[in-house]
Amino acid sequence: WADFNGGGANLTQGTASLKPIRNTGVVNGRAAVAFDGVDDYIQHVTGYTMQNVFIVYKVDSVTQSATEMGQLIGNYNDAAHVAIDPTVGNLQGHSFDGNGATPATYALDNSATSGSVANDNTYPWVYDTFHLVHADFGSGQALTRMVFGSQLPGQSDQFGGDIAEVIIYSGSLTGPEIAAIKEYLRRKYNLW
């Protein structure tokens, strides 16, 4: 998955059986990358910093295990990620802290921004529906690698569903900048 910014943060997967599938015409006539919920993931293995993250995604009711979180982006071991959480403790919410205590403020679709949280289901996602989540980690979170689709590749917490687009900023954004990005993605994918 190429980095369209030209920054070289291209996402790759060298093992054919672990590659997610790019499907066309998935959401508003646009492509999305489908993760199987079993073992698919892609990654960028060089260090990266993320602060503001926007992700257009859909959790699949068939392939997402209700007993596992599904990592959308981040690095669990670097204590910062954006993951969906269908489990009982955070039913259809999100997780941001990874293996640590890194909170984020977030908004789902057109909701108001939450307070700073590590895990939260104030704004629950819905199966088989495309959503936009925006997470702001408050300061740049240094990642030794960036992983999509699995918290711990080859071990657990696989994402089952589609990711249509991800926009990452390593620095802070103003309220109007965040609103403009959300509106751009809303129109592009015909969300909410």
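Strands E6 (residues 80-85) and E7 (residues 93-95) run antiparallel to each other and pair over 3 bridges. That's a handy place to start looking around this model, which is predicted. From there, you can move on to a second sheet of 6 strands, a helix called H1 that packs on it, and a pocket with about 800 Å³ of space.

**The sheet with E6 and E7**

- Along the E6 and E7 pairing, look for Ala83, which stands opposite Ser95 in E7.
- These two strands belong to an open sheet of 4 strands, and the order across it is E5-E6-E7-E9, with antiparallel pairing.
- At the edges you'll find strand E5 (70-75) and strand E9 (119-120), each of which pairs on one side only.
- As a bit of background, strands in a sheet pair through backbone hydrogen bonds, and they can do that in a parallel or an antiparallel way.

**The sheet of 6 strands**

- This one is an open sheet too, and if you walk across it the order is E1-E2-E14-E4-E10-E8, again with antiparallel pairing.
- E1 and strand E8 (105-108) sit at the edges with a single partner strand each, so one side of each has no neighbour in the sheet.
- Going from one strand to the next, the twist averages 35°.
- Inside this sheet, strand E4 (residues 48-59) and E14 pair in the antiparallel sense over 8 bridges.
- To see one of those partnerships, find Phe54, whose bridge partner in E14 is Ile167.

**Helix H1**

- H1 packs on the sheet and touches E1, E2, E4, E8, strand E10 (130-143) and E14.
- Compare the directions of H1 and E14, and you get an angle of about 145°.
- Lys188 is a residue of helix H1.
- Leaving out residues up to four places away in sequence, Lys188 touches Asn28, Arg30 and Glu165.
- Gly93 is another story: Lys188 and Gly93 are 95 residues apart in sequence, and their C-alpha atoms are 24 Å apart in space.

**Salt bridges**

- Side chains with opposite charges can pair up when their charged atoms come close.
- The count of salt bridges here comes to 4.
- One of them joins Asp162 and Lys58, with the closest N and O atoms 3.3 Å apart.
- Asp162 is in strand E14 and Lys58 is in strand E4, so this pair ties together parts that are 104 residues apart in sequence.

**The largest pocket**

- The largest pocket holds about 800 Å³ of space.
- It has 30 lining residues, and the closest to its centre are Trp1, Ala2, Asp3, Phe4 and Val166.
- Strands E1 (21-27), E2 (30-36), E11 (146-148) and E14 (160-169), plus helix H1 (175-189), each supply at least two residues of the lining.
- E14 gives the most, with 7 residues.
- What's the lining made of? It divides into 21 nonpolar, 3 polar and 6 charged residues.

How values were computed. Residues are numbered from 1 along each chain as its sequence is written. This is a predicted model: local features need pLDDT of at least 70, side-chain atom pairs count only at pLDDT 80 or more; totals for chains, interfaces and linings use all residues. Side-chain values use heavy atoms; hydrogens and water are left out. On a 1 Å grid over the protein atoms alone, a cavity is a set of points where a 1.4 Å probe fits but cannot get out, and a pocket is an open set with protein on both sides within 12 Å along at least five of seven lines; lining residues have an atom within 4 Å of a point. Grid points are joined across faces, edges and corners, and a volume is the space filled by probe spheres set on the points. Ala, Val, Leu, Ile, Met, Phe, Trp, Tyr, Cys and Pro count as nonpolar, Asp, Glu, Lys and Arg as charged, and the others, Gly among them, as polar. Two strands pair if DSSP finds at least two bridges between them. Axes are lines fitted to C-alpha atoms, for helices over the stretch in contact, and angles run from 0 to 180 degrees between N-to-C directions. Contact means heavy atoms within 4.5 Å. A salt bridge is a side-chain nitrogen of Lys or Arg within 4 Å of a carboxyl oxygen of Asp or Glu.
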